[in-house]
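Please look over the sequence and the fold before reading on, and keep both in view as the paragraphs below move from the ligand outward to the strands.

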Amino acid sequence: MIEEIQQYINEIESFHTTDVSETESFRIKFLGKKGILNELFSRFKDVPGPEKKEVGLALNLLKNAANNKLNSLRENTAAQDQKQEFTDFTQPGNPIENGSRHPVSIVRNRIIEIFKRIGFTLSSGPEIEDDWHNFTALNLPEYHPARDMQDTFFIEKDPDILLRTHTSSVQIRYMENQKPPIRILSPGRVYRNEAVSARSHAMFHQIEGLYIDKDVSFADLKQTLQYFTTELFGKSQIRLRPSYFPFTEPSAEVDVYWGLETETDYKITKGTGWLEIMGCGMVDPNVLQNVGIDPDTYSGYAFGMGIERIALLLYQIGDIRLYFENDVRFLEQFQAEFGW
Ligand code: DAH
């Protein structure tokens with residue numbers, strides 16, 4: 001009998017539950033009217049005299065063990081019940097934090113939206129390009145010195161494959177497949193083999209514009225750019241400074257008159273009031289010829305700008321690296337207006 005009692009004690013000690021009905025079953029099994037303890041006590045009278053003392057002691061141990069266990073089980077389940085009872089359904093839910101768009105996306109979308117209103121549609125091309133679309137067709141034949149303007153990542157095994165250095169490659173892809181009139185905007189990533197610093201990055205974003213039709217003139221280009229700067233910056237004074245790009249003739253840099261009202265204006269315009277925002281020009285007849293469009297019938301303009309540069313002007317962010325570090329403290333400061 002001693003052994004039997006010891007087994008029950010072991011069983012009680014290793015028993016655990018937080019469930020109310022299992023606790024009740026435990027009580028019935030050991031401490032109920034027809035439970036184990038009552039049954040053992042009723043057998044106690046048959047225990048031979050000399051063993052009575054030892055068995056009695058063991059029985060008491062068992063009884064205490066059962067009672068203690070029951071108490072602690074009840075404490076547990078009561079605590080559980082209480083927890084359930086005190087769930088406060090009037091408390092506000094866990095807030096869902098609003099995300100924000102990346103500043104590069106915000107600016108890109110604003111630019112797209114402005115050009116969409118005057119009939120430009122979107123077009124994209126691959127970031128891994130071939131020499132033809134990135135250079136040769138754009139009037140930059142092999143060994144042309146202007147290739148030096150854009151330090152390029154080449155694929156070692158195949159010098160024909162490269163990471164596009166500008167979105168101008170999309171012009172070629174589009175013109176090869178579509179007949180004029182053409183009016184497209186091509187945003188996307190571009191790559192340059194440059195050391196990362198506050199002012200340059202090996203990857204950044206550009207937006208390219210292209211308009212090809214009969215009788216497109218330089219005046220159309222200027223008018224369009226003026227509309228653009230007015231819409232984006234609220235600044236309508238621009239100047240086109242003669243420049244050189246192999247794919248346009250004539251070519252120009254676009255400056256916008258920013259003004260000299262604040263100290264920052266002085267700083268970012270270096271005291272001139274003018275800011276360079278993009279390159280542009282009339283599409284070179286050689287480029288049109290390269291894609292099978294007759295330059296005697298059609299003409300057009302093109303322009304290209306860096307999105308981070310525009311964002312820098314809109315948000316006064318002087319270090320391009322900030323855009324790509326993905327620090328939430330930086331990113332959460334930019335809230336797009338609805339729809340951008
Ligand atoms: N592709 C030029 C660059 O990356 C930017 C550019 C200049 C694009 C003039 C054009 C353009 O379409 O007409 O620096």
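Of the 16 residues around the ligand, which come nearest? In this predicted model, the residues that come nearest are His166, Ser168, Arg192, Gln206 and Glu208. If the whole shell around the ligand is sorted by class, it has 9 polar residues, 5 nonpolar residues and 2 charged residues.

Two of the nearest residues can be followed down to single atoms. In the side chain of arginine 192, an N or O atom is 3.0 Å from an oxygen atom of the ligand, and in the side chain of glutamate 208 an N or O atom is 2.5 Å from an oxygen atom of the ligand. The backbone takes part in this picture as well, since a backbone N or O atom of alanine 302 lies 3.1 Å from an oxygen atom of the ligand. On its own the ligand has 350 Å² of accessible area, and the protein covers 91% of that area.

Where does the ligand sit? The ligand sits in the largest pocket, and the elements that give two or more residues to the shell around it are helix H7 (168-177), strand E6 (203-213), strand E9 (274-283) and strand E10 (299-306).

The three strands just named, E6, E9 and E10, also belong to an open sheet of 7 strands, and anyone tracing this sheet from one end to the other will meet its strands in the order E1-E5-E6-E10-E9-E8-E7, with mixed pairing. At its edges are strand E1 (121-122) and strand E7 (238-245), each of which pairs on one side only. Within the sheet, E9 and E10 run antiparallel and are joined by 4 bridges, and at one position glycine 279 stands opposite glycine 304 in E10.

Some further strand pairs are worth tracing in the same careful way. Strand E2 (residues 128-130) runs antiparallel to strand E4 (residues 158-163), and 3 bridges join the two; here isoleucine 128 stands opposite leucine 163 in E4. E4 also pairs with strand E3 (residues 154-155), again in the antiparallel sense, over 2 bridges. How many residues lie between E3 and E4 in the hairpin that they form? There are 2 residues between them, and isoleucine 155 has aspartate 158 in E4 as its bridge partner.

Notes. Residues are numbered from 1 along each chain as its sequence is written. This is a predicted model: local features need pLDDT of at least 70, side-chain atom pairs count only at pLDDT 80 or more; totals for chains, interfaces and linings use all residues. Side-chain values use heavy atoms; hydrogens and water are left out. A residue is near a molecule or strand if one of its heavy atoms lies within 4 Å of it. A polar contact is a pair of N or O atoms within 3.5 Å; within protein, one must be able to donate a hydrogen and the other to accept it, and residues adjacent in sequence count only if both atoms are side-chain atoms. Accessible areas come from the Shrake-Rupley method with a 1.4 Å probe; for residues, only the protein chains shown count as cover. On a 1 Å grid over the protein atoms alone, a cavity is a set of points where a 1.4 Å probe fits but cannot get out, and a pocket is an open set with protein on both sides within 12 Å along at least five of seven lines; lining residues have an atom within 4 Å of a point. A molecule sits in a cavity or pocket if more than half of its atoms lie within 2 Å of its grid points. Ala, Val, Leu, Ile, Met, Phe, Trp, Tyr, Cys and Pro count as nonpolar, Asp, Glu, Lys and Arg as charged, and the others, Gly among them, as polar. Two strands pair if DSSP finds at least two bridges between them.
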